[in-house]
Amino acid sequence: MEYANSRSRDAKPVSRKLIETGRLSLETPHVSEVAKNAEGIVKKHGGYVENKNEDEDEVGLSVRVPAGKLKTSMDELETLGKVSYSKIRTKDVTDQYIDMEAKIKNLRVLRERLRKVYEKATKVEEMLEIEKELARVQTELDSIEGRMRAMQKNIAYSELDISIERKSVPGPLGAVAKGTGWVFKKLWVLN
């Protein structure tokens with residue numbers, strides 16, 4: 001898809017920058033086995049596990065999958081258990097991305113101008129003032145470049161949070177008790 005930059009009529013169309021995130025909750029009696037299978041599915045789609053929290057009754061996985069493979073990955077993961085929650089969110093960050101690119105370009109140009117002025121400076125006070133401004137510009141540039149790298153990672157790899165919880169399966173007496181409870185409830189309430 002192409003996205004026309006609304007700031008200028010002569011601007012070249014740029015590809016849209018989208019960040020996709022997903023959440024998936026599964027219920028299963030076999031938590032550890034399903035978690036292991038989920039990790040395998042993520043790796044099969046070119047993704048990786050960023051974080052894993054595990055206890056006896058629940059496993060939480062924070063994973064990354066390549067952009068464009070989030071839906072496919074989730075569809076396959078949903079076959080591992082009973083889905084209690086599934087959601088994908090997409091955020092268009094094209095304008096922010098374009099703004100950051102422009103700021104980075106402008107700060108680099110300013111940094112080079114300041115370096116040239118510094119080379120021509122003859123007074124210590126001038127040099128100190130230019131060094132101070134250079135440090136400020138470099139700090140701002142480093143900050144924006146860091147945010148740009150983080151945004152590029154989020155665009156390239158979608159984030160998916162997976163929760164796998166143990167679902168109890170009632171034994172024969174539990175199933176009978178559950179059925180009996182339903183019958184008594186219907187004796188008192190019809191709707």
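A residue counts as buried when its relative accessible area is under 20%. The legends below refer to a predicted model.

**Figure 1. Glu145 is a buried residue of helix H4.** Helix H4 comprises residues 124-156, and Glu145 is found within this helix. The relative accessibility of Glu145 is 17%, so this residue falls under the 20% limit and counts as buried. Beyond the neighbours within four places in sequence, Glu145 is in contact with Ile104 and Arg108.

**Figure 2. Overview of the protein chain.** The chain contains five helices and seven strands. Read from the N terminus, the order of elements is β-β-β-α-β-β-α-β-α-α-β-α. Of its 191 residues, 27% count as buried. The exposed area of the chain is about 13,100 Å², of which carbon and sulfur atoms supply 53%. Where contacts join residues at least 6 apart in sequence, 75% of them join residues at least 24 apart.

**Figure 3. A salt bridge joins Asp92 and Arg16.** The closest N and O atoms of this pair are 3.2 Å apart. Asp92 belongs to strand E6 (residues 82-92), whereas Arg16 lies in the loop between strand E2 (14-15) and strand E3 (18-28); the salt bridge therefore ties together parts that are 76 residues apart in sequence. Both partners are partly exposed: Asp92 has a relative accessible area of 33%, and Arg16 has a relative accessibility of 30%. The structure holds 13 salt bridges by the rule applied here.

**Figure 4. Arg166 and Asp57 form a salt bridge between distant parts of the chain.** The closest N and O atoms are 3.0 Å apart. Arg166 is located in strand E7 (residues 157-166), and Asp57 in the loop between strand E4 (48-54) and strand E5 (58-66); the two residues are 109 residues apart. Arg166 is partly exposed at 34% relative accessibility. Asp57, with a relative accessible area of 42%, is likewise partly exposed.

**Figure 5. Asp75 and Lys71 meet in a salt bridge within helix H2.** The N to O distance between these side chains is 2.8 Å. Asp75 and Lys71 are four residues apart in helix H2 (residues 70-77), so about one helical turn separates them. In an α-helix, which has 3.6 residues a turn, residues three or four places apart point the same way. Asp75 is partly exposed, its relative accessibility being 36%.

**Figure 6. The buried residues of helix H2 lie on the same side of the helix.** Leu70, Ser73, Met74 and Leu77 are the residues in question, and each is buried. The arc that they cover around the axis is only 95°, which places them on the same side of H2. The cover over these buried residues includes strands E3, E5, E6 and E7, together with helix H1 (31-44).

**Figure 7. Further charged side chains: a network and a charge over a ring.** Glu39, Lys52 and Glu54 are linked with one another in a network of salt bridges. Side chains of opposite charge can pair when their charged atoms come close. In a separate arrangement, Lys17 lies over the face of Tyr97, at 4.8 Å from the ring centre. The structure also holds one aromatic pair.

**Figure 8. Asn106 is an exposed residue of helix H3.** Helix H3 spans residues 94-120 and includes Asn106. At 51% relative accessibility, Asn106 counts as exposed, because the limit for this class is over 50%. Asn106 and Leu141 are 35 residues apart in sequence, and their C-alpha atoms are 9.4 Å apart in space.

**Figure 9. Lys44 is an exposed residue of helix H1.** The place of Lys44 is in helix H1. Lys44 has a relative accessibility of 56% and therefore counts as exposed. Val65 is 21 residues from Lys44 in sequence, and the distance in space between the two, C-alpha to C-alpha, is 9.7 Å.

Methods: Residues numbered from 1 in each chain as written. Predicted model: local features only at pLDDT ≥ 70, side-chain atom pairs only at ≥ 80, totals over all residues. Heavy atoms only, no water. Buried < 20%, exposed > 50% of the residue type's maximum accessible area, 1.4 Å probe, protein only. Contact = heavy atoms within 4.5 Å. Areas by Shrake-Rupley, 256 points an atom, 1.4 Å probe, with all protein chains shown as cover. Phe/Tyr/Trp six-rings, centres within 6.5 Å; stacked < 30°, edge-to-face > 60°. Lys NZ or Arg CZ within 6 Å of the ring centre and 35° of its normal. Salt bridge = Lys/Arg side-chain N within 4 Å of Asp/Glu carboxyl O. Arc of directions from axis to C-beta.
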